[in-house]
Amino acid sequence: MLLRSRWCPLVALVLIGALNCPVRAQHGQDPVPPASSAPSSGSNPTEQAVTEQQLFQEMRKLEGRITIPDYKAALLEQPQGRSYQFFHERVLPWLMAVLIVAMVAGLTLFFLLRGRIVTQAPETGIKIKRFNTLERATHWMTATCFIVLALTGLNYVFGKRLLFPVIGPDAFAAVAQWSKFAHSAMAWPFMLGLLIMAALWIRGNLPDRHDWRWLREFGGFTSGTHPPAGRFNAGQKLIFWAVVILGLVLSTTGIIMLFPFWALDINGMQWAQYGHAAAASILIAVIIAHIYIGTVGMAGAYDAMGRGEVDLTWAREHHSLWAEQQQLRVHRDDIAGRAGAPAE
Amino acid sequence: MPVILASIAIAVLLAVVSGLGLYSMQEPVYQSQPMQSVRVGDPGHNLVGPNWSGNPPRPQNSERALNATSREPG
């Protein structure tokens, strides 16, 4: 009896444990045995199900049926979409970053090697009108728009990578929303300014026989003397044509994206994005160089667009042919003024 | 400097005017592409309401038929 009473609780525990096993199994509390040790009792249905990747490889397109009127939403994936995603998420950030960083590094190196470009002769104090009010107003209006467009455009690419971790999701959402508004709105005065600038300066920026020498001597950097140049030298002409051509690309593709699916389908929209992003990357790098040479890179360059006047020495050294023309014109005006003056 | 400040002001003014014009041309998707289904952005009147019980709605005709049957003798 003593033996029986001693073993009774143990037997009861074993029985309770055995009865409890199916209940624990149903609640998923049993540890999962390793795949190698446990014999397979059946196939996993989700393991056998077709994946999105397999469907895409087989059909090239994933399409479905939808109930909303926008039929385009029925197309879920297509090969061009994946190429576009690869460009937008992988190629574009690197393209922009490399172009901008390389330009800043190159200009820094140039500044360290060459220093600030100053006039060799002392200033005369005689000022020559370089740009009139309309030209300067158009330049600064377009420049203002471009800076806003560039910063808000860079936010599309780098915002989630650089700004989001710093300012957090709420602030970034607000910044991104207002950036989008500013980008769409500032595009219009930018396009207007671009057209006016092109009309004002296209004549002075046509290629001439002095450009090749200027380019060969890198604006006098290699020869040590300033090559002759008209109102605009070859470097300025390159910037002008870059702004006009890339600006037109940006304007055209920008309008296409402002009115989505109005003229093109989804593939066309993606190509517009390719062109817009590539042109913007190059133009931002070009404008960084333009800002450098117009401010710290060359003494007197800011006065041309800031006040509209330059010193005669600066004009003679950097734009010798234009300076001669201006002096001849002033001389002719003086003679005509004296001839037309009434005799006393 | 006055020319620069005036140019910035002109750029902002033109941007505001063109932006307002641009956004006035846009219309919400429930206006441009109307449909009978419920939209999350504009649910309209097609909602279950606060008295929703979860039971399927009883058709009006079957309710009348049920009342008529219950009134019949036998």
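**View 1. Helix 5 of chain A meets helix 1 of chain B.**
In this close-up, helix 5 of chain A and helix 1 (residues 2–25) of chain B bring their axes within 9 Å and cross at roughly 65°. The model is a predicted one, and that goes for every view below. Angles from 65 to 115 degrees count as roughly perpendicular, and helix 5 of chain A and helix 1 of chain B are therefore roughly perpendicular to each other. Sort the residues of this helix-to-helix contact by class and you get 20 nonpolar, six polar and one charged.

**View 2. Ala185(A), a residue of helix 5 of chain A.**
Stay with helix 5, which covers residues 133–201 of chain A, and pick out Ala185(A). Is Ala185(A) buried or exposed? Ala185(A) has 25 other C-beta atoms within 10 Å, so it counts as buried. Setting aside residues up to four places away in sequence, Ala185(A) touches Ala15(B), Val16(B), Ser18(B), Gly19(B) and Leu22(B). Now look along chain A to Pro165(A): 20 residues separate it from Ala185(A) along the chain, and their C-alpha atoms are 27 Å apart.

**View 3. Where chain A touches chain B.**
Step back to the whole contact, and you'll find 18 residues from chain A and 16 residues from chain B taking part. On the chain A side, 12 of the residues are nonpolar, four are polar and two are charged. As for what the partners are built from, chain B has three helices and zero strands, and its pattern along the sequence reads α-α-α. Chain A, for its part, has 11 helices and four strands. Of the 344 residues in chain A, 22% are buried, while in chain B the buried share is 5% of 74 residues. Within chain A, take the contacts between residues at least 6 apart in sequence: 67% of them join residues at least 24 apart.

**View 4. Helix 4 of chain A, with a kink at Val91(A).**
Helix 4 of chain A runs over residues 79–114, which makes 36 residues. From its first C-alpha to its last, helix 4 reaches 50 Å, close to the 52 Å expected at 1.5 Å a residue. Where does helix 4 of chain A have its kink? Look at Val91(A), shortly before the proline Pro93(A), for a kink of about 40°. Just past the helix comes Gly115(A), with a positive phi near 75°.

**View 5. Helix 4 and helix 8 of chain A, packed together.**
Here helix 4 of chain A packs with helix 8 (residues 266–297) of chain A at an angle of about 10°, and the two axes are 10 Å apart. An angle under 35 degrees counts as roughly parallel, and helix 4 and helix 8 of chain A are therefore roughly parallel to each other. The contact draws on residues of helix 4 including Tyr84(A), Phe87(A), Leu95(A), Leu99(A), Met103(A) and Phe111(A). Across from helix 4, the helix 8 residues include Asn267(A), Tyr274(A), Ala277(A), Ile284(A), Ile288(A) and Tyr292(A). By class, the residues of this contact are 19 nonpolar, five polar and no charged.

**View 6. Helix 4 and helix 5 of chain A.**
Helix 4 of chain A also packs with helix 5 of chain A, at an angle of about 90° and with the axes 10 Å apart. That makes helix 4 of chain A roughly perpendicular to helix 5 of chain A. Helix 4 brings Leu92(A), Pro93(A) and Met96(A) to the contact, and helix 5 brings Val157(A), Phe158(A) and Arg161(A). The class tally is five nonpolar, no polar and one charged.

**View 7. Helix 7 of chain A and its buried residues.**
Helix 7 (residues 234–258) of chain A has 25 residues and reaches 35 Å from first C-alpha to last, close to the 36 Å expected at 1.5 Å a residue. Among its buried residues are Ala234(A), Lys237(A), Val243(A), Leu246(A), Leu250(A) and Ile256(A). Which helices do the buried residues of helix 7 pack against? They pack against helix 5, helix 6 (211–216) and helix 8 of chain A. Gly247(A) also lies in helix 7 and is buried, because 22 other C-beta atoms sit within 10 Å of its own. Gln54(A) is 193 residues away from Gly247(A) in sequence, and the two are 42 Å apart in space, C-alpha to C-alpha.

Terms used
Residues numbered from 1 in each chain as written. Chains lettered and ligands numbered in written order. Predicted model: local features only at pLDDT ≥ 70, side-chain atom pairs only at ≥ 80, totals over all residues. Contact = placed C-beta atoms within 7 Å. Nonpolar A, V, L, I, M, F, W, Y, C, P; charged D, E, K, R; others polar. Helix = DSSP H or I, 4+ residues; strand = E, 2+ residues; numbered from the N terminus. Expected span 1.5 Å × (residues − 1). Bend = angle between axes of the 7 residues up to and from the residue. Axes fitted to C-alpha atoms, helices over the stretch in contact; angles between N-to-C directions. Parallel < 35°, antiparallel > 145°, perpendicular 65-115°, else oblique. Buried ≥ 20, exposed ≤ 12 C-beta atoms within 10 Å, placed from the backbone.
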